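Please open the structure in a viewer and keep the selection panel at hand. The tour proceeds from a single residue to a helix and then to an interface.

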Amino acid sequence: MQDALPPKLVCKGLNVSVRQELSRLWPRPLGANRRMITIRGVHKDFSIDGAKVTALSPTDLDVRRGEFVSIIGPSGCGKSTLLRILAGLETASGGSIDVDDGDRARQRVGFVFQEPVLLPWLSALENVRFPLDTARVARTEADSRALDLLKLVGLTGFEAALPRALSGGMRQRVSIARALSYDPSLLLMDEPFGALDLITRDRLNDELLSIWSQTKKTILFVTHSVEEAAYLSDRVVVMSPRPGRIKTVYDVNLPRPRGERTKLDPAFHQLMADLRRDLQ
Amino acid sequence: MTIASILIALRSLAIAVAIWWIVVLVANVPAYLLPAPDAIASRFVFLAQTAELTKHIRVTLGEIGAGFILGGFLGVAFGWLFVRVPLLGRLLSPLILVLQTAPKIAIAPLLLLWLGLDMGPKITLIAIVTFFPVMAGAAAGFAAVERPYQDLGTLLHLNAWQRFRRIELPFSLPPIFAGLRIASTQAVTAAVIGELMGATYGLGYLLSLGQENGDASVVIVAILVLSTIGWGFHELIRAGERHILSWHASQIGLEARV
């Protein structure tokens, strides 16, 4: 194993070494700092009317186990493409992805879409249980896990509600609980709160951090929001469009747990300013 | 259906029967053209007692049931195939267009020639008229399953059957039911046409028997039984739709609209 390698970032021949954090105020779970995802030269091209279009130019990225990494960038920078390739929803035109998932071969990855993508004829509980039902997990076990997860996302009492009876924020919580139901070690989130109002979004950001610290998942989080990226992440990957590529990677050294105090921290505002400038 | 709406329907029915009766009495209409309601009722009782009527009803119902299930099943299966295998859709769509524009009823004599006077040709005809609206609805439904839901199936490693059964079919049920409802009325018509052209039993056969014997009351009894079957069949499908699609927006507030 190539443990404790300094995370390295290569884009378009440019080598950017990212300083490894020596101390963290937030205790990391066991096995933290072990590299979990190794992305090397992954790119995506497709052709429109015979013309080659590059959605993602060759990209290198490493993600450590238990890390919270945000990917931010304007539309068309390939951030969603990268996430979808990782999830197996799209195939890369080349490059390699290595996900070290221990002995859990053929593990299903957790994925949260921008829309909740709930099945409208199933109750909240049945939606959370859906991945377990299709994997033929015993009903009693599936039920108890789904109930725990609904509790984790703060939806106790809404088990029997159909999606149409839930608010946008609640639906997205059900969606998160569903993605966690089969206990994936990697959770990919594609602008999960992009369609929600700001108040709901702030609350869900805090809940996501609490879920992350309780479940110790590795999270890759695609967003349009500078504040969201800075507030949530251990690292922020800034991408730029045409062709989509990684521009800069920021370490976020804000203390955890994060909360209202983080939002008053000058370092937080400095980071947001840096990110904004980078996105210009 | 609420008790109040049944009462309203019964009242309308009673008024219609009363007008009929009055017209027959006042205008002195000959019985071989339009018998009075009481003559129809006694003919109905007579036919029912000789057990001939139940046999006719059983045959017609059996044909409708078998043909409808066969046509509905094939309609859903082909609707799915045409969406999932676009090449097949492109190859077969001209053929289907020709079949769909031809009056299906016109096939009936051919079916009788090929399959005889038994239930076979009627079941086939009913299956054909059921197939088209169900297939059209199913294809529209399957084509409209949104991309993220297909992605969900991929993420969860669902196999083709699970995708169909757990995601695609439930999403497509509203247009499939719309097709089934259209098909339900056509199925009854197809059964009658098939039986009129040649049969030994069935309500369509009863119609032609009444005509041959110059007995309008037999014809009217058959018509009334047929319309009751058509209505009951349609209601059965509506009830199934309401039950299965209770989650769907089309079913909300439906009771208020009557």
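A residue is called buried when its relative accessible area is under 20%. The model is predicted, and this cut-off applies to the first stop.

**Stop 1: Ala190(B).** Select Ala190(B), which counts as buried because its relative accessibility is 0%. Ala190(B) belongs to helix α8 of chain B, residues 160-197. Next, display its surroundings: leaving aside residues up to four places away in sequence, Ala190(B) touches Leu125(B), Ile126(B) and Val129(B). Then add Lys104(B), which is 86 residues from Ala190(B) along the chain, with 8.5 Å between the two C-alpha atoms.

**Stop 2: helix α1 of chain A.** Select residues 79-87 of chain A. Eight of the nine residues of this helix are buried, so the rest of the structure largely encloses it. Among the buried residues are Leu82(A), Leu83(A), Arg84(A) and Ile85(A). After α1(A) comes Gly88(A), with a positive phi near 85 degrees.

**Stop 3: the interface of chains A and B.** Which residue of chain B meets the side chain of Arg84(A) in a salt bridge? Select Asp151(B): the N to O distance is 2.9 Å. Between chain A and chain B the count is one salt bridge, and three residue pairs are in polar contact. On the side of chain A that touches chain B, α1 and α2 (124-134) are the elements giving two or more residues. The largest share, four residues, comes from α2(A). That side comprises 14 nonpolar, three polar and eight charged residues.

Finally, show the whole interface: 25 residues of chain A contact 19 residues of chain B. The buried area is about 2,000 Å², with 67% from carbon and sulfur atoms.

Definitions and conventions:
Residues are numbered from 1 along each chain as its sequence is written. Chains are lettered from A and ligands numbered from 1 in the order in which they are written. This is a predicted model: local features need pLDDT of at least 70, side-chain atom pairs count only at pLDDT 80 or more; totals for chains, interfaces and linings use all residues. Side-chain values use heavy atoms; hydrogens and water are left out. Buried means under 20% relative accessible area, exposed over 50%, partly exposed in between (1.4 Å probe, protein chains only). Contact means heavy atoms within 4.5 Å. Buried area is the accessible area (1.4 Å probe) that two parts lose on being put together, summed over both. A salt bridge is a side-chain nitrogen of Lys or Arg within 4 Å of a carboxyl oxygen of Asp or Glu. A polar contact is a pair of N or O atoms within 3.5 Å; within protein, one must be able to donate a hydrogen and the other to accept it, and residues adjacent in sequence count only if both atoms are side-chain atoms. Ala, Val, Leu, Ile, Met, Phe, Trp, Tyr, Cys and Pro count as nonpolar, Asp, Glu, Lys and Arg as charged, and the others, Gly among them, as polar.
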